[in-house]
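Here is an informal tour of the inside of this protein: its cores, one well-hidden strand, and the spaces left between the atoms. Have the coordinates open while you read.

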Amino acid sequence: MALFDLKTLLSENSYPGRGIVVGKSADGKSAMIAYFIMGRSENSRNRIFERFDGGMRTKAFDESKLSDPSLIIYNPYLSANEGKTDIITNGDQTNTIFDFINEGKTFEESLRTREYEPDCPNYTPRISGILNYADGDFTYKLSILKSANGRPEVCQRFFYEYGSEAGIGHFIHTYKCDGNPIPSFYGEPEEVALPNTAKELADLCWENLNEDNKVSLFVRQIPLDGSDATEIIINKNV
């Protein structure tokens, strides 16, 4: 099956919501991570990404306009296992995964303790990714926790595991498209072609996200030779 074009997936969807892309650079030399957030409400749009030692957080751009921090303020990215593991998610389950990994437990075990977000009627899915580095390469997993087609009585948990392959990544996002209520993502993560550099991936994502709804983007490129990672943060609110 042909790879999906990430540019097309983003540019033709006005509201994929929050999205994670994980995979290997086209030249096979780096692991690649991208995470973006979007917003329709003033509260959701009032955010920026901010790096800190060991991770990255969301933060209110204008604290005076922050009305409900419960589902919009969290750590999307944390480094674990002495730098051998990267965790990227769309909510506070990042910390749940981090805690379980540090206790010697698994990605799957951690997410079996969580479910979709309690934001009726959307019941926004929780999407998560983890990268494990070893022997000059990496493997990665993605997950989505979602309601049963909008029925909150049941939480469906899906897990996907991948070996790395040059130029290929997987893209998962919270919403299939815009709507009221907003329909959850369904199906397997979309297999997409990846470029070589963090800047190319950042430009590809940011330039094709809906101008009205995009809020922030985080891109991390991790060279597999052990050299320093390259990171890019783009905030619409500056």
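## Inside the fold

Start at Ile20: leaving aside its neighbours within four places in sequence, Ile20 is in contact with Ala34, Tyr35, Ile88, Thr89, Ile127, Ser128, Gly129, Leu142, His170, Phe171 and Ile172. Keep in mind that this is a predicted model.

Ile20 belongs to the largest nonpolar core, which has 26 residues. Along with Ile88, Leu131 and Tyr133, Ile20 touches the most other members of that core. Several strands feed into it, with at least two residues each from β1 (19–24), β2 (30–38), β7 (126–134), β8 (137–148), β9 (151–163) and β12 (214–223). A second core of 22 residues lies apart from this one, and its members include Val21, Ala202, Leu217 and Val219. That fits a familiar pattern: in soluble globular proteins, nonpolar side chains tend to be buried together.

Next, have a look at helix α5, residues 198–208. Its buried residues are Ala198, Leu201, Ala202, Cys205, Trp206 and Asn208. And what do the buried residues of α5 pack against? They sit against α1 (6–11), β2, β12 and β13 (230–235).

### A strand with nowhere to hide from

Three of the Ile20 contacts, His170, Phe171 and Ile172, bring us to strand β10. Why is β10 largely enclosed by the rest of the structure? Six of the six residues in this strand, 168–173, are buried, so the rest of the structure largely encloses it. In a regular strand the side chains alternate between the two faces of the sheet. Here Ile168, His170 and Ile172 point one way, Gly169, Phe171 and His173 point the other way, and all are buried.

β10 also has pairing partners. With β1, β10 pairs in the antiparallel sense over five bridges, and Gly19 stands opposite His173. With β11 (residues 190–193), the pairing is antiparallel again, over four bridges; there His170 stands opposite Glu191.

### Pockets and a cavity

Now for the empty space. The two pockets and the cavity are set out here by volume and by the classes of their lining residues.

| Space | Volume | Lining by class |
|---|---|---|
| Largest pocket | about 350 Å³ | six nonpolar, seven polar, six charged |
| Second largest pocket | about 250 Å³ | seven nonpolar, five polar, six charged |
| Largest cavity | about 40 Å³ | three nonpolar, three polar, three charged |

To find the largest pocket on screen, pick out Arg18, Ser44, Ile72, Asp119 and Tyr175, which lie nearest its centre among 19 lining residues.

The second largest pocket has 18 lining residues, and Gly83, Tyr133, Ile222, Pro223 and Gly226 are the closest to its centre. Tyr133 is one to notice, as it was also among the residues with the most contacts to other members of the largest core. Which strands each supply at least two residues of the lining of this second pocket? They are β5 (77–80), β7 and β12, with β12 giving the largest share, three residues. β7 and β12 have turned up before, as contributors to the largest core.

Finally, there is one cavity of 30 Å³ or more. It is lined by Ser70, Leu71, Ile73, Tyr74, Asn90, Gly91, Asp92, Glu117 and Arg126.

Note on methods. Residues are numbered from 1 along each chain as its sequence is written. This is a predicted model: local features need pLDDT of at least 70, side-chain atom pairs count only at pLDDT 80 or more; totals for chains, interfaces and linings use all residues. Side-chain values use heavy atoms; hydrogens and water are left out. A nonpolar core is a set of buried Ala, Val, Leu, Ile, Met, Phe, Trp, Tyr and Cys residues joined through side-chain atoms within 4.5 Å. Buried means under 20% relative accessible area, exposed over 50%, partly exposed in between (1.4 Å probe, protein chains only). Contact means heavy atoms within 4.5 Å. On a 1 Å grid over the protein atoms alone, a cavity is a set of points where a 1.4 Å probe fits but cannot get out, and a pocket is an open set with protein on both sides within 12 Å along at least five of seven lines; lining residues have an atom within 4 Å of a point. Grid points are joined across faces, edges and corners, and a volume is the space filled by probe spheres set on the points. Ala, Val, Leu, Ile, Met, Phe, Trp, Tyr, Cys and Pro count as nonpolar, Asp, Glu, Lys and Arg as charged, and the others, Gly among them, as polar. Two strands pair if DSSP finds at least two bridges between them.
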